[in-house]
Amino acid sequence: MSVFKKMFPGGDIKTKGLMAWGTYKGFFVTALQDARTYGYTVKITYHAERGEDSAALVKERVCELFRRLGVEQKQFGDYMVEDNYIKFVENSAGIAATTAKKIHDNVDQVIAILQAEGCVSGCELCGSSYSVNPYNVNNAPVFLCSSCGTRVEQDMENANGEVLSRKSNPFLGLIGAAVASVLGVVLWILIYQIGYIAGIAGGAIMLFAFWGYKKLGRAMDTKGVLISFAVGLLMVFVACHISWTIEAIKAYNEYYGFNMDFFYMSKKLFSILEKLDIMSDFFIELAMGYGLSLLVAFPTVINSFKESRGSGKVKRL
């Protein structure tokens, strides 16, 4: 039995990848696992048919329950109690079965409150219980009625069109990426001086480059992603080169007792490294920097590219 079905035993639950959806004890439920934290976001849709007073009572009782769970359970996270849905986060307890058991117990307590007030399940947006179906909205399962589903699809299509119509200013974006990435270069140099693996700052260089481009370029389109990525790669090399230049100056000062000019040493660095037969050490460190940079910045690069292409999607499950 999958971990999702252990959360809702006896329910009609379907799964796909990191998400699950279906009915449990007469209510529409969804669960989405966070690929980074391994925690789960659980959602229960409902509609208080007895009116506003009943809806207010449901919110009050569920919020009271969640406040208590937040004190009693270390893994219980953020929560939201809205007009038509209740959502909470259960952080990973390390063992999937343990997390599933806690989610199951918490969901049962929420549903008990809903049943006591005669609530029914329905559309997450409008509360309608007519013609409700599960949708994949930006890789998250959502229960919507046919009317709201059509509206969300149209809104997403319009939003994607707007994103594709936005054009960045590549000149200003380039300046922004270059200037912002200098902060990451400084961080790299400081870490190197302390004696740690400076390559971990490569990710910061990449992130600053993307942030700077979007800030001055006013948008993140395809050329923005490519320019930001190229600037990040270049500045990782610059950071590594400057760090080694500073170390070379220190070595000359220690052994020969005089300070070399920074720009002269920077210009002659590769020939000095070649004479000392340590050129390979420089490129090994640079390769580590690139590897760590790409590892840290990969999600940002992918998300920025999706953003530039208008990646919002809605699809019936």
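**Notebook: two loops, two helix pairs and two cores**

I began with Lys 25, which is found in the loop between β2 and β3. I note here that the model is a predicted one. The phi of Lys 25 is positive, about 55°, although the residue is not a glycine. I then asked whether Lys 25 is buried, partly exposed or exposed. Its relative accessibility is 46%, so Lys 25 counts as partly exposed, since that class lies between 20% and 50%.

I looked up Asn 139 next. Asn 139 lies in the loop between β7 (132–137) and β8 (141–145). Its phi is near 65°, a positive value in a residue other than glycine. With 44% relative accessibility, Asn 139 counts as partly exposed.

I turned to helix packing. Two packed helices are described by the angle between their axes and the distance between the axes.

For helix α2 (residues 52–72) and helix α3 (residues 96–116), I recorded an angle of about 160° and axes 10 Å apart. That angle makes α2 roughly antiparallel to α3, because the class takes angles over 145 degrees. The crossing of α2 and α3 is right-handed. Which residues make the contact? From α2 I listed Val 58, Arg 61, Val 62, Leu 65, Phe 66, Arg 68 and Leu 69; α3 supplies Asn 106, Gln 109, Val 110, Ile 113, Leu 114 and Ala 116. By class, the residues of this contact are nine nonpolar, two polar and two charged.

For helix α6 (residues 202–217) and helix α7 (residues 222–256), the axes come within 8 Å and cross at roughly 140°. The crossing of α6 and α7 is also right-handed. Among the contact residues I noted Ile 205, Met 206 and Phe 210 of α6, and Val 225, Phe 229 and Leu 233 of α7. The contact of α6 with α7 has 13 nonpolar, four polar and one charged residues.

I finished with the nonpolar cores. How many residues does the largest one have? It has 33, and those with the most contacts inside it are Met 7, Phe 8, Val 42, Phe 66, Ile 86, Val 107 and Leu 114. Phe 66 and Leu 114 also appear in the contact of α2 with α3. Elements giving two or more residues to this core include α1 (3–7), β4 (40–45), α2 and α3. I followed Val 42 further: leaving aside residues up to four places away in sequence, Val 42 touches Phe 8, Thr 30, Ala 31, Ile 86, Lys 87, Phe 88, Ile 103 and Val 107. A second, separate core of 32 residues includes Ala 177, Cys 240, Ala 248 and Leu 273.

Conventions. Residues numbered from 1 in each chain as written. Predicted model: local features only at pLDDT ≥ 70, side-chain atom pairs only at ≥ 80, totals over all residues. Heavy atoms only, no water. Axes fitted to C-alpha atoms, helices over the stretch in contact; angles between N-to-C directions. Helix = DSSP H or I, 4+ residues; strand = E, 2+ residues; numbered from the N terminus. Left-handed = near helix turned anticlockwise from the far one by under 90°. Contact = heavy atoms within 4.5 Å. Nonpolar A, V, L, I, M, F, W, Y, C, P; charged D, E, K, R; others polar. Parallel < 35°, antiparallel > 145°, perpendicular 65-115°, else oblique. Core = buried A, V, L, I, M, F, W, Y, C linked by side-chain atoms within 4.5 Å. Buried < 20%, exposed > 50% of the residue type's maximum accessible area, 1.4 Å probe, protein only.
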